[in-house]
Structure formats: structure tokens, C-alpha cells
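Hi,

Here is the structure I said I'd pass on. Have a scroll through it first, then read my notes underneath.

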Amino acid sequence: MAESLPEHDRILQEIESTDTACVGPTLRSVYDDQPNAHQKFMEKLDACIRNHDREIEKMCNFHHQGFVDAITELLKVRADAEKLKVQVTDTNRRLQDAGKEVIAQTEEIIRCRVQQRNITTVVEKLQLCLPVLEMYSKLKEQMSVKRYYSALKTMEQLENLYLPRVSQYRFCQIMIENLPKLREEIKEISMSDLKDFLESIRKHSDRIGETAMKQAQQQKTFSTALQKQNNVNYGRNMHLGRNRILESKNEITLKRTFEDEDEHEEEVLTAQDLVDFSPVYRCLHIYSVLGDGEIFENYYRKQRRKQARLVLQPQSSMHETVEGYRRYFSQIVGFFVVEDHILHVTQGLVTRTYTDELWNMALSKIIAVLRTHSSYCNDPDLVLELKNLIVVFADTLQGYGFPVNRLFDLLFEIRDQYNETLLKKWSGLFRDIFEADNYSPIPVANEEEYRIVISKFPFQDPELDKSFPKKLPMSQSVPQIYMQVKEFIYASLKFSESLHRSSTEIDDMLRKSTNLLLTRTLSSCLQNLIKKPHIGLTELVQIIINTTHLEQACKYLEDFISNITNISQLTVHTARLYGLSTFKDARHAAEGEIYTKLNQKIDEFIQIADYDWTMSESDGRASGYLMDLINFLRSTFQVFTHLPGKVAQTACMSACQHLSMSLMQMLLDSELKQISMGAIQQFNLDVIQCELFASSEPVPGFQGDTLQLAFIDLRQLLDLFMVWDWSTYLADYGQATSKYLRVNPSTALTLLEKMKDSSKKNNIFAQFRKNDRDKQKLIETVVKQLRSLVNGMSQHT
């Protein structure tokens with residue numbers, strides 16, 4: 001009990017000293033203690049309250065008098081307070097009346113201060129907005145005057161510098177929303193300008209290319225003139241006096257060349273003058289600024305590739321005129337000149353790799369097109385102009401750094417075709433010359449005419465009489481053919497110029513093409529000429545003479561080529577002309593044709609032979625057809641005096657052999673059934689005339705009776721029948737010393753059987769005459785023996 005009391009005092013002290021909001025835990029401790037602690041605490045609390053009440057009562061008693069005194073004093077002050085209140089109210093009224101004007105002025109000042117502050121704020125904001133508006137206005141102006149690249153730069157400044165300062169304003173948001181639209185508009189406009197630019201350069205490509213090719217050609221001409229000037233100055237110290245004159249002349253020439261060059265340079269427009277490149281620069285800058293540079297590059301290259309394919313596509317009739325080729329080359333040169341310009345004035349729009357790839361593609365297409373179209377061309381002049389165009393085309397593009405070796409390789413292919421067209425043209429020229437030739441020696445009335453002929457043809461004959469008038473052995477076609485061969489060499493040389501080849505290669509090309517002309521074209525024309533039906537023996541003889549002189553002139557053609565190319569014939573790799581074999585072949589063909597035509601003429605005379613094979617006795621003179629034939633042969637062989645000896649001898653021997661063979665075949669003809677002795681005698685007279693002709697030496701050079709041996713077979717056969725020397729023939733048959741060694745048993749049998757049949761038919765009363773019966777028996781006996789010889793020969797064979 002004594003322990004709980006101090007605890008209750010502590011709780012009471014804690015309650016008195018603690019804020020009422022925190023009394024809860026303290027009161028809870030009262031209930032947590034010993035049983036009946038609550039009752040005891042309440043008693044203790046009541047005692048404490050009574051104690052406090054006593055203390056309050058004591059305090060009130062102690063201060064009561066003072067309170068009464070204070071009330072008394074307050075009552076005394078009450079009247080003064082009323083007076084003070086009235087005075088204060090009056091003073092307040094008067095102060096309010098006096099302060100109304102001040103208040104009004106103060107409010108006015110406040111209002112002005114607010115306006116001033118607002119104005120200052122507005123000025124500050126306007127100072128921020130005005131540059132934005134000015135830049136936007138500038139942007140609109142740049143758009144209106146198509147300064148799109150500057151407009152993009154202005155947009156960039158607006159977005160990065162000006163608009164962030166005033167981004168809270170509505171008009172700024174509108175601007176921000178419009179800027180992407182303006183960018184797209186600029187892209188569309190610049191792309192439209194680029195398309196117009198691409199269309200423009202497509203239209204002007206041919207003029208640009210023509211300009212570039214003219215400049216390249218002028219530069220080449222100027223370089224050639226300058227090189228000639230240097231070559232002249234090189235020998236200045238050797239011929240000083242004369243060279244001063246030459247130098248002054250060449251300086252004038254060179255000065256004129258410079259002036260002409262300057263005039264051309266003033267007249268000729270450049271690519272920049274023909275095409276405005278600003279759209280492509282502008283578009284490139286715009287797309288680069290917009291970050292779409294790669295897209296622009298891809299689009300530009302794609303479009304240019306399409307244009308390249310269009311440019312490389314030729315017209316179907318391009319091969320018909322040189323203008324078609326010139327337009328084709330001009331367009332291609334113009335295209336690549338533009339690409340080269342773009343390559344050097346822009347950064348990355350086109351690259352060297354891209355242009356090289358495009359050129360390689362174009363070069364393959366160009367070569368294929370030229371191969372195709374040049375193959376249609378049959379005019380050598382057009383092919384030559386095409387070659388010159390290709391050279392200028394190649395030189396122009398080579399000046400812009402494009403490789404053109406394949407074009408020069410193509411020129412070698414076209415050179416072969418050019419040679420083919422030349423060969424066709426010269427084939428026609430040769431044919432015309434041969435057709436117009438009269439195939440008679442050239443008449444020369446005086447020395448002047450003689451000099452005219454030898455100026456065209458290197459005729460050398462020291463034995464020729466210098467007296468006039470006279471005739472040269474060759475016909476008019478020889479100098480004409482020689483001049484045309486030289487013209488062919490000149491024409492072939494024209495193609496070899498400007499091909500960047502050495503003199504040795506040019507010399508080799510000229511010799512090869514000349515060989516083709518001689519061995520193929522001229523040889524073919526000669527062969528065709530020789531085979532023509534209207535070419536007679538006289539013409540053939542003249543052709544042989546002509547080919548002989550042309551063959552001798554081949555060495556002069558070789559000298560002519562060497563003088564043109566300055567290449568000695570002694571050079572190891574120098575080709576030789578094949579004219580010798582060409583003219584030899586033609587001569588052999590003409591000789592063979594002479595033999596053939598002689599035989600044909602002999603056959604024509606033989607065909608008009610009209611023998612009466614049943615005649616009883618001969619006419620006593622040779623047949624008329626044979627005499628005509630012999631006269632023809634005599635006159636023909638007189639023409640052969642200008643031929644080489646062997647040719648004339650061979651022709652004469654061939655004619656005699658053919659005549660002998662034809663006469664033999666006439667006797668042995670299967671359609672001829674019977675022959676009388678009178679016919680044999682008449683035939684013998686004709687053979688005698690043939691032998692007389694052979695012995696008269698119609699062509700000099702035969703030894704002994706060589707020519708007469710052509711008729712030996714006929715002679716022995718006729719002698720056998722004329723003499724009727726069968727016993728000798730049969731006895732000596734097979735011996736080398738036989739008188740009738742060239743008589744074949746089968747030939748003798750055939751002819752004897754025809755005579756046997758004739759005897760039977762013509763002598764119907766022969767059986768009543770003893771001599772005739774004996775002769776008939778002899779014939780039958782000889783026939784049997786001949787048959788046995790023939791059978792023996794067949795069995796032996």
C-alpha cells in the first residue's frame with residue numbers, strides 16, 4: 001500500500017506536466033497495476049484536486065483587491081476612451097477625405113507601372129520573335145526566288161537557333177509543322193529541276209559530243225603542225241640560208257594555224273555553254289543537306305544508266321550514211337563528257353569506278369553495234385569515213401581518260417572489211433578496164449605519147465626502137481591496171497593512217513592487202529576474162545603478153561610501197577608481193593584456154609568436113625575444109641610470134657595432135673559403116689597437107705620432124721592401106737623395127753572391116769571376077785589374123 005502511493009503521485013505529476021494528447025498511456029498504466037489501484041488512484045486524484053482548489057482560492061483571495069482596483073481604474077478611463085474614440089473617428093474621416101486624391105493617384109501609378117511592365121515584357125518577347133519572323137520571311141522569299149539551298153540553310157538556323165527560344169507560342173508551332181512540308185516541297189522542286197536537266201543533257205548530248213570531237217580534232221591538227229614545225233627547225237644549222245626562208249614560211253603557217261585554232265576556240269561552245277549544270281549541283285547540295293545524298297546519287301546513276309542505254313541504241317539505218325555514225329558517236333561522246341564534268345566538279349555523285357564501269361559496258365555495246373552495222377557497208381569511202389570518225393571518237397574519249405585500246409583493235413577488224421570493200425570495188429574497176437580494152441598493142445605516134453605511157457607504167461625495153469610511130473607490145477589495160485593497183489595501195493594507206501601503228505606494221509598491212517588484190521581480185525578477174533566466150537585467140541595472146549609485163553612491174557610496186565612507208569625491202573620481216581605467181585597462173589590459164597580454143601576451132605572445121613566415103617577415086621586435091629583449117633592455123637601461129645617460144649610450140653604441137661586425133665576418130669567413127677579405097681586416097685591427100693603444114697615450121701623452134709610425128713599414126717595407117725602391105729605388117733608386128741609400128745591391130749581391123757563391107761556392097765558382081773574373089777579372100781584372111789592379134793592382146797592384157 002505504501003508502495004502504490006508514490007506511484008500514484010508520479011502518475012499525477014506526469015498528468016499535470018504532460019500534454020493532454022499524450023495522457024492516454026499514463027492513464028492506461030493506472031489500470032495495469034494492482035487490483036483496486038483505480039479506486040485508490042481516484043481517491044488520490046480527488047485529494048489532489050481539493051488541494052489545488054485550496055491553492056486557487058488562496059491565490060484569488062490574494063489578488064482580489066488588486067482586481068477591484070483595476071476595475072475602478074477602468075471605469076475611470078471609460079469616459080476618456082469615448083472621447084478618444086470620437087477624436088480618432090474624426091481624425092480618420094479627415095484623413096480619409098485627405099487621402100482620396102492620393103489613393104487615386106496611387107492607383108493610377110500602379111496601373112501605369114503594370115502597363116509599363118507589360119510593355120517591357122512584350123518588347124522582350126517581340127525581340128525574341130522578330131528574328132524568327134524575319135528568318136521565316138527570308139525563307140519564304142528564298143523559296144519564291146528558287147534559292148532552295150539557302151532556304152534549307154535558313155530552315156536549319158530556324159530549327160536550331162531561333163525557334164527553340166519561342167517554342168511556347170502558337171505561331172512557332174505552326175512554323176515547326178510547316179518546315180518538313182517545305183523541305184519536301186524543295187526536294188520535289190529540285191528533283192523536277194534534275195529531271196529537266198537530265199532531259200536537257202539528253203537533247204544536247206550530240207552537240208556537246210560534236211563540240212568535244214571538233215576540239216580534239218583541232219588539237220590533233222595543231223599538234224601535227226607543231227610537230228612539222230619542230231622537224232623543220234631540227235635541220236636549221238645544216239642549211240642556214242635556205243632554212244631562214246623556210247623558217248619564216250613555217251612561222252607564218254604556224255601562226256595561221258594558231259589563229260585558226262583561236263578562231264575555232266572562239267566559235268566552238270563548251271559543254272557548260274550548252275547545258276546549265278546548276279540544277280544538278282543544287283539538287284546534290286539539297287539532298288546532302290537533307291541527309292538523302294545517297295538516295296540522290298542512286299537515282300542520278302540509275303537515270304544516267306537508262307540514258308546510256310538509249311544513247312547506245314543506234315538507228316536501224318545508221319550504216320547508210322556517215323551522218324548516222326557521226327550522230328551516234330556525238331551522242332556517246334556528249335554523254336561521257338557530261339559524266340566526266342560531273343566527276344570533276346562534284347564530290348561523290350559519280351566516281352571513277354562508276355564511270356569506268358559505265359564506259360566498259362558502253363564500249364562492249366559500241367563495238368558490237370559497229371561490228372554489226374559496218375558489216376552492212378559496201379562503200380569503201382563510207383568505211384574510210386567511219387574509220388576517221390572512230391579515230392576522232394577514240395582520241396576524244398582518250399583525252400578524257402577513258403581507255404580506248406579495244407576501239408583500235410576493232411579498227412583492225414574494220415580494216416579487213418575495208419579491204420574487202422576495196423577489193424569488190426577494184427574488181428569492178430578491173431572488169432571495166434578489161435571490157436574496154438581492145439587487146440591490141442598500144443599505138444604511140446610520138447615521143448610525148450610515149451612519155452605519157454611510161455609515166456603511167458614502168459615499161460623498160462632497151463631494144464625498143466625509138467623511132468615513131470610505133471606500137472608497144474602491151475595493150476591499153478596494162479598501164480590502167482598498174483595505176484589502179486597504185487590507187488588501191490593509196491586507198492589502203494588512207495585507212496592505216498592515225499591508227500597509232502609503226503611504219504613496219506603499216507608496210508606489212510599494205511603488202512598483205514596488195515597481195516590480196518593481186519592473188520584474189522585481179523587473178524579472179526583474169527581467170528573470168530580468159531573464160532569468157534567472146535575472148536578469141538588473138539585476145540588470149542595479148543592477155544599473155546599483158547600478164548608478162550605486169551609480172552615484170554611487180555618489183556616497181558614493191559619499191560612504191562617501200563617509198564611510201566620508208567621501210568626497206570631488205571628488212572627481215574618485210575613481206576613480198578605474190579604478183580609473180582598470180583600472173584603466172586593467169587598466163588597458164590590463158591595458155592590452156594588457147595589450146596582449148598584451138599582445138600575447138602579445129603573441131604568446128606572438122607564438123608564441116610563432107611567426105612564421100614563411097615567414092616571410087618579421089619578428087620586429086622585436098623579437101624576445102626582442111627585447106628581452110630590449115631590457113632587458119634598458119635595465120636593464128638603468126639600471131640603467136642610475141643608469145644614465149646615454148647607456149648607457141650606447145651600450142652602448135654597440141655593443135656597438130658588434136659587434128660591428127662580428130663581425123664583418126666573420123667575414120668574410126670562407129671556411125672561410119674563403110675569406106676571405099678577412093679575415100680582412103682582422098683583422106684590421104686588431106687593428111688599429106690597436114691604433114692606439109694607440120695614440115696613448114698609454122699612455129700620456130702621445133703627440131704627436125706618433131707611436129708610431123710603428130711601425124712605418124714595416121715601416116716602409117718594410111719600407108720598400110722594404100723600399099724596394101726599386110727604381109728609386112730603381120731610379119732613384123734610386135735617388132736621395134738616394124739614399118740607399121742604405130743598401127744594398132746584393132747584400128748586396122750576396124751578400118752578393114754569398113755572397107756570389106758564397102759566392097760561387098762559396091763561390087764555385087766565381084767564373085768564372077770577372079771581377081772576380086774582373090775582380094776575378098778585376102779581381106780577375110782587378114783581380118784581373121786587381125787582378130788587373132790586383137791584377141792591375143794586382150795588375153796595378154
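Below is what I found, starting with the whole protein and ending with a single residue.

Keep in mind that this is a predicted model. The average pLDDT of the protein is 82, and 87% of the residues reach at least 70. Confidence peaks in helix H21 (residues 677-695), with a mean of 92, and is lowest in helix H6 (residues 240-267), with a mean of 39. Two stretches stay under 50: residues 234-266, with 18 contacts beyond four places in sequence, and residues 763-768, with 5 such contacts. Where pLDDT is low, don't read the predicted coordinates in detail.

Now the overall build. The protein has 25 helices and 2 strands. Out of its 797 residues, 41% count as buried. Take the contacts with a separation of 6 or more: 79% of them link residues 24 or more positions apart. The accessible surface is about 45600 Å², and carbon and sulfur atoms make up 52% of that.

Next, have a look at helix H10 (residues 322-345). With 24 residues at 1.5 Å each, H10 should span 34 Å, and its end C-alpha atoms are indeed 34 Å apart. Of those 24 residues, 18 are buried, so H10 is largely enclosed by the rest of the structure.

Last one: is Ser-492 buried or exposed? Ser-492 sits in helix H15 (residues 477-496). Its relative accessible area is 5%, and buried means under 20%, so Ser-492 is buried. Beyond its neighbours within four places in sequence, Ser-492 touches Tyr-418, Asn-419, Leu-422, Leu-510 and Ser-513.

Cheers

Conventions: Residues numbered from 1 in each chain as written. Predicted model: local features only at pLDDT ≥ 70, side-chain atom pairs only at ≥ 80, totals over all residues. Heavy atoms only, no water. pLDDT = per-residue confidence, 0-100. Helix = DSSP H or I, 4+ residues; strand = E, 2+ residues; numbered from the N terminus. Contact = heavy atoms within 4.5 Å. Expected span 1.5 Å × (residues − 1). Buried < 20%, exposed > 50% of the residue type's maximum accessible area, 1.4 Å probe, protein only. Areas by Shrake-Rupley, 256 points an atom, 1.4 Å probe, with all protein chains shown as cover.
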